[in-house]
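Biologist: Could you walk me through this one? I'm new to it, so please spell out the terms as you go.

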Amino acid sequence: MKIHEYQAKEILKKYNIPIQEGYAIENSADIDSTIKKVQADFNCEAVIVKAQIHAGGRGKGGGVKYCPTFEDAQGAANTILGMNLITHQTGPEGKMVNKILITEALDIEKEYYFAITFDRSKNSDVFIVSSEGGVDIEEVAENNPDQIIKAWIDDSPNALESAVKEIITSLSLEEFENVEQMFKDLYKCYLESDCSLLEINPLVSTTSNEIIALDAKVDIDSNSLFRHPEIAAYHDKSEEDPLELKAAEYGLNYIKLDGNVGCMVNGAGLAMATMDIVKHCGGEPANFLDVGGAANVETIKNGFKIILSDKNVKSILINIFGGIVRCDRVANGVIQAVKELDLDVVVVVRLQGTNAKLAKKILDESDIELISAETINEAATKAVEMIK
Ligand code: GDP
Ligand code: MN
């Protein structure tokens, strides 16, 4: 689950990480009083107005503004709140800004990149840091990858200690006394909050010699939310794809993609393989959809509803392996769903496993237009060809 910068900073604050302080608002009526409050509470004239959306690159897209005076801040806040912000991470359609964060402005000496995530290839957490942090970090990674430093935290006794020392040295931060403890606290925060990513870009040193988290991007493992009710409460539905939200209500694992071949599959592994084969056959999958191991008429119907709400979909490929679920039941579910939902796209069905033969007979004898296939290759080829 993604959360906003201001929420991520609330979490960081609980771990004593120094942050750029400020207040988030969503009503334009609160703009003036909030600017004044930031100026008074943090003893500053200049403030920063920052769009709160679940996407990065806000600075370059015009969603982060340095405002030397109250009037500048007023202007920037009124422009940014409610704007459609387009950054390299939002896609060309952009994102509506429903919240802004107004913060104290800091005098930056240097910008660093700092992140903790999990490195699957090494089976361990990893610090990723750079002394070339800031809005151009992607270009640094592309053109000067040697300026991105990694230090892994494996399960050996002093792993954290030595990884922290390593990043302090590589960033030349030895002169800052509190920074060793801060990196340890950041790791503690990452672990205890079940983050899949904790990124601070930039982490800055200021002209008054402090180290401060200027930005914060924290992604939480959704499967852990049951043990973090206070983080689960940060969920901002307005940031999510409406179809994915609907699918979650149905208990379906659905991720929208850009293609036109809708995929309905049981099991995440089979769903991934099905998308690969659609691509292999020259098509583009419209989605990932795992209807679960115990798919029934209801789940199949809900799956259809979700897939069909995506107007790009031109054909639907159903690939179900009957293990616990019997293929004849799935076949009946497909028929019932197709009848009820009045489909106007091609449906290719491949059912294998328990009672597959019976399922094929049921589909072939039904009076609805379905294309049945025996192998996955045949099914994918047909689903792709029917579009052309
Ligand atoms: P992002 O573009 O979405 O990553 O948003 P950030 O919060 O990282 O802000 C983008 C850039 O704005 C930072 O890299 C800074 O260069 C600049 N910026 C943000 N806050 C301040 C501030 O308090 N003072 C100064 N001088 N620059 C700031
Ligand atoms: Mn940033």
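Modeller: Sure. A polar contact is a pair of N or O atoms within 3.5 Å; within protein, one must be able to donate a hydrogen and the other to accept it, and residues adjacent in sequence count only if both atoms are side-chain atoms. This is a predicted model, where local features need pLDDT of at least 70 and side-chain atom pairs count only at pLDDT 80 or more, while totals for chains, interfaces and linings use all residues. Residues are numbered from 1 along each chain as written, chains are lettered from A and ligands numbered from 1 in written order, and side-chain values use heavy atoms, without hydrogens and water.

Biologist: How far is the polar side-chain atom of Gln20 from an oxygen atom of ligand 1?

Modeller: Ligand 1 has an oxygen atom 2.7 Å from a side-chain N or O atom of Arg58. Gly59 uses a backbone N or O atom instead, also with an oxygen of ligand 1, at 2.7 Å. For the polar side-chain atom of Gln20, the distance is 3.0 Å.

Biologist: Which protein residues are the donors of the manganese ion (ligand 2)?

Modeller: Donors are N, O and S atoms within 2.8 Å of the metal (3.2 Å for Na, K and Ca), and water is not among the atoms, so sites may look incomplete. Here the donor atoms lie 2.1 Å from the ion, an O and an OD. They belong to Asn201 and Asp215.

Biologist: Is Asp215 buried or exposed?

Modeller: Buried means under 20% relative accessible area, exposed over 50%, partly exposed in between (1.4 Å probe, protein chains only). Asp215 has 17% relative accessibility, so Asp215 is buried.
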